[in-house]
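Thanks for asking for a second pair of eyes on this one. Please have the structure open while you go through my notes.

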Amino acid sequence: MSLLEIQNLKTYFEIRQGYVKAVDGVTLSMEKGDALGLAGESGCGKTTTALTIMRLLPSNGRVISGKILYEGSDILAMDDETLRKEIRWKRMSMVFQGAMNALNPVFTVGDQIAQAIRIHEDVTKEAAWQRVDELFSLVGINPERSKHYPHEFSGGMKQRAIIAMSLACNPSLVVADEPVTALDVIVQAQILNLIRSLRERLGLSMILITHDLSVIADTCNRSAIMYAGKIVELADTVTLFKRPEHPYTQGLLTNYPSIKEEKRRFAPIAGSPPDLLSPPSGCRFHPRCPRAKESCQSEEPELIEVERGHYVSCHR
Amino acid sequence: MSSARLVIYRRRLGDFLKQFRESRLGILGFSILLFFIFTAVFANYLSHSSTKATEGVLSERLQPPSPSHWLGTDEVGRDLLTLIMYGGRISLLIGLLAALISGGIGALVGLISGFYGGWKDDVLMRGTDIMMVIPGLPLMVVLAATLGTSFWNIIFVISITGWTGTARIVRAQVLSLKERPFIESVRAIGASDSRIIGLHLLPNIFPLIVAEMVIRIGIAILSEASLAFLGLGDPLNISWGMTLNWAFSCGALSGNYWWYIIPPGICITLVVLGFTFVGYALDQIVNPRIRRR
Amino acid sequence: MGMRDFVLRRAGVCIVTIFAVITVNFFLFRVMPASPVDMLVSPLLGEGVGGTETKEELIRSLGLDKPLWMQFVIYIQNVFTGNFGYSFITPRPVIGIISDGLLNTMVLMLAGNMLAILMAIVLGVLAAWKRGSRTDVMSLTLALTLSSMPMFWVGGIILMILSVRLGMFPLFGTTTIGLSHPNVLSYMVDYLHHLFLPMVTMGLVSFGGLFLITRSALVDVFSEDYIITAKAVGMSNRTTIFRNALRNAMLPLITMIAVRLGFMIGGSVLTETVFSWPGLGWIIYNAVNMRDYPILQGAFMIITIVVVLANFAADIIYGYLDPRVRVGASTHA
């Protein structure tokens with residue numbers, strides 16, 4: 001049984017002018033131990049997918065259709081209490097985008113993690129704080145700092161603290177949304193190393209969301225590229241980078257500067273991201289695709305397996 | 001003013017009006033105010049009572065509402081509807097003038113404090129802090145009791161206690177504007193301080209000051225009413241507050257003369273609401289910290 | 001930088017402010033168009049309260065012939081020894097009259113504002129959690145309307161309906177005149193019975209502004225990331241609201257309460273006058289009407305000092321609740 005299976009998920013946001021089709025038919029699956037990278041431009045729906053998995057959508061978000069099977073149970077059909085007590089943080093946790101603000105400024109960092117632990121496990125305060133110390137050591141923060149407030153932490157340390165918090169209840173799946181975007185390059189590398197080593201040590205499964213392909217290359221064994229609310233390509237990371245099939249993926253990868261190669265000009269992908277209120281007909285990418293043909297405008301392409309484990313959604 | 005600037009201002013005005021029209025609260029508030037301003041201005045044409053506001057027929061004192069006196073009469077027999085209509089003039093006028101003056105003071109203090117910084121800022125802000133701590137109404141009471149309660153004294157007293165909020169807000173705005181690149185570049189060109197303030201800062205903070213002032217008008221009207229109730233109103237000018245004062249002192253509460261007490265209060269409430277709504281609508285349009293609520 | 005330094009710093013500011021207030025109060029009564037002689041001396045002459053001293057003697061005894069700076073020093077000394085002079089109307093020291101009223105005002109303020117804060121928090125949480133719903137809109141309308149009403153008018157109407165018409169509550173004072181109280185309990189009951197209407201009036205009017213601030217603060221807090229984190233971690237709604245969100249929303253609320261203290265005291269003046277509740281406000285009202293300047297000056301002084309001290313207390317509480325503030329940013333803008 002796969003760890004996570006998303007079947008034809010559609011999440012729309014209701015605004016005055018209509019529905020923003022943020023996630024419009026996403027299907028993917030993950031096995032235990034996988035690190036799935038979810039990449040795409042801003043607004044392509046990757047964060048919304050993550051929020052839907054954790055059922056943390058804002059009040060105007062609606063799941064129109066689809067199933068999310070986590071270890072066999074449908075998350076979307078679960079009642080609130082079970083979700084809150086059993087799934088949230090215990091089985092699935094999240095590292096948020098902009099973790100800078102994810103911590104409550106009026107409580108100490110250790111206090112917040114301890115709170116999280118004691119919601120799910122019936123332990124004493126001392127036991128909880130002991131776990132806090134363990135977690136801090138795990139992520140490389142001096143355990144003494146657990147008595148400090150968030151504003152006393154640097155950006156990189158806050159990120160580590162958030163990661164520590166996400167591991168507090170030993171979840172089997174961690175969803176990390178842009179975990180390193182707000183950090184400078186050196187700290188980025190450190191955090192990515194940390195994530196990688198944690199994965200190995202704890203056998204974590206992860207979904208890593210980012211717009212930076214190098215991050216995915218570094219840490220994930222499987223990658224999915226999203227565009228305008230749909231998955232356009234899904235494959236093992238190595239395969240994706242070596243043999244991208246979808247024009248969008250190819251466009252993204254071409255623009256990847258390499259220290260080894262010659263200097264060359266960038267060839268940016270023409271056009272701008274589509275309006276998700278009324279997306280383009282047929283294949284969402286067709287207005288910007290250098291290889292678009294007529295059928296691309298009228299029919300939506302399906303996700304087809306072009307080689308083992310490698311899925312592309314394109315008419316070619 | 002160059003014609004180019006005129007065009008810009010006119011376009012800005014157009015944008016502003018369009019945005020204001022979209023604000024339901026703003027329209028509501030504006031309509032309320034329009035109604036009261038209209039009745040105040042045209043009070044002498046509208047008042048249908050044969051007696052003028054200052055005369056009363058004693059035999060008709062303290063009558064409940066009737067066809068000849070829609071809102072009843074007061075304790076000397078005057079038609080209350082007329083009194084209230086004329087009262088609107090005074091209340092609105094005092095509110096407007098007091099808000100204008102306190103807004104002016106506040107803007108000036110905020111401008112100097114924010115723009116020049118340094119010791120001027122420290123001194124002015126300390127002074128503002130102290131003024132903010134001193135309770136408003138007691139201070140007004142003390143001032144009015146010692147200075148006397150003429151029309152302009154009351155306006156002065158209300159203004160002197162109401163400028164601190166505006167000062168803080170204007171200062172914050174000026175501080176943030178000061179950092180903007182366009183101020184730096186104008187300075188680099190060599191513009192003098194007064195030019196920067198007058199030509200570049202003022203047009204940007206002006207809308208904010210206006211929005212503030214509008215809300216202050218409502219507050220000023222309430223302050224005047226409170227002063228009048230405590231016996232510190234201008235006896236020569238019958239504002240709504242003074243009307244309530246007479247109502248209370250002639251025993252309207254215990255005698256159950258509800259027509260004397262309720263209408264002036266409703267008028268005050270509606271007018272203050274009107275200014276609050278309009279001020280809020282203005283604030284939404286004008287405030288740079290616009291956040292969607 | 002910790003709590004201790006923070007407290008010391010705020011205490012320093014508090015002391016400076018009190019001195020400023022004393023100075024202002026001094027000059028208020030000396031540098032008025034009406035000369036201090038007219039205000040402080042003539043009434044004494046006329047009423048004969050000062051006995052048969054001549055004008056000059058009175059001037060000398062009140063120290064009005066000394067140079068201004070010297071009067072100022074004497075005034076400061078007087079303030080600290082509690083010597084506010086004597087009332088014009090009743091031959092009692094001002095300080096005695098004021099301290100009687102202070103207690104009653106404190107009770108009223110405390111009771112009224114507790115009521116207001118309670119209502120504001122309850123409705124504020126509801127309104128913010130269900131933003132845009134009917135509950136929200138109705139609460140907003142209620143709060144806005146209440147804060148646009150003249151406080152004394154609200155009190156008057158309440159008095160008219162609940163006391164005059166329905167006779168459920170007494171008309172004035174703290175206790176029923178002529179009623180003897182065999183024990184403390186019966187006294188308290190009578191007192192509370194009299195307190196009820198003024199308390200409700202104060203509560204209603206304070207509620208408006210407090211509700212708006214609470215709701216706005218909560219709306220802000222609810223949209224913060226750490227609330228989403230709380231939800232993700234699996235906290236129940238109740239824990240999220242009360243433990244996490246409210247703690248943050250309290251901060252602007254406390255600041256607001258501190259800022260509005262002055263306003264609330266003003267409200268107390270009005271409410272006490274309507275209900276003849278013998279507190280400081282009512283004393284001020286009578287002093288104004290009788291032109292009893294020493295009382296006016298003394299009461300104003302006391303009220304202002306109390307407000308300054310209350311502001312100080314609020315600062316300290318705020319510093320305890322919000323660790324970010326202790327690090328030493330200046331308090332304005």
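The points below go through the model chain by chain, with the contacts between chains along the way.

1. Ground rules. This is a predicted model, in which local features need pLDDT of at least 70, side-chain atom pairs count only at pLDDT 80 or more, and totals for chains, interfaces and linings use all residues. Residues are numbered from 1 along each chain as its sequence is written, while chains are lettered from A and ligands numbered from 1 in the order in which they are written.

2. Confidence. For the complex, the predictor gives an ipTM of 0.83 and a pTM of 0.77. Chain C has a mean pLDDT of 78, with 81% of its residues at 70 or more; pLDDT is the predictor's confidence in each residue, from 0 to 100. Please go gently with residues 329-333 of chain C, where pLDDT stays under 50 and the model has 6 contacts beyond four places in sequence. Two residues are in contact if their C-beta atoms, placed from the backbone, lie within 7 Å. Where pLDDT is low, the predicted coordinates should not be read in detail.

3. Chain B overall. Chain B has 13 helices and 0 strands. Helices here are DSSP runs of H or I with at least four residues, strands are runs of E with at least two, and both are numbered from the N terminus. The C-alpha trace of chain B spans about 75 × 45 × 35 Å along its principal axes. Of its 293 residues, 45% count as buried, meaning that 20 or more other C-beta atoms lie within 10 Å of a residue's own (12 or fewer is exposed, in between is partly exposed, and C-beta atoms are placed from the backbone). Taking contacts in chain B between residues at least 6 apart in sequence, 71% join residues at least 24 apart.

4. A helix in the open. Is helix α9 of chain B, residues 181-189, buried or in the open? The number of buried residues among its 9 is 0, so α9(B) lies largely in the open. Just after α9(B) comes B:Gly190, with a positive phi of about 110°.

5. Where B meets C. This contact draws on 40 residues from chain B and 41 residues from chain C. On the chain B side, the elements that each supply at least two residues are α5 (118-133), α6 (136-147), α8 (164-178), α10 (193-232), α11 (240-249), α12 (252-255) and α13 (258-286). By class, that side of chain B has 26 nonpolar, 10 polar and 4 charged residues. Ala, Val, Leu, Ile, Met, Phe, Trp, Tyr, Cys and Pro count as nonpolar, Asp, Glu, Lys and Arg as charged, and the others, Gly among them, as polar.

6. Where C meets A. Here 18 residues of chain C are in contact with 20 residues of chain A. On the chain C side, α9 (225-233) and α10 (237-275) are the elements that give two or more residues, and α9(C) gives the most, with 7 residues. The residues on this side of chain C divide into 7 nonpolar, 5 polar and 6 charged.

7. A kinked helix. Do look at α10(C), which has a kink of about 50° centred on C:Leu261. The bend at a residue is the angle between axes fitted to the seven residues ending there and the seven starting there. α10(C) spans only 43 Å between its end C-alpha atoms, whereas a straight helix of 39 residues would span 57 Å at 1.5 Å a residue; the expected span is 1.5 Å times one less than the number of residues. C:Ser276 follows α10(C) and has a positive phi near 50°.

8. An open sheet in chain A. Four strands form an open sheet in the order β2-β1-β4-β5, with antiparallel pairing. β2 (18-30) and β5 (73-74) of chain A stand at the edges with a single partner strand each, so one side of each lacks a neighbour in the sheet. β1(A), residues 4-15, pairs with β2(A) over 9 bridges; two strands pair if DSSP finds at least two bridges between them.

9. A covered strand. In β10(A), residues 230-236, 6 of the 7 residues are buried. β10(A) runs antiparallel to β9(A), residues 222-227, with 6 bridges joining them. β10(A) also pairs with β12(A), residues 310-312, in the antiparallel sense over 2 bridges. A:Leu234 is the bridge partner of A:Ala224, and A:Leu234 is also partnered by A:Tyr311 in β12(A).
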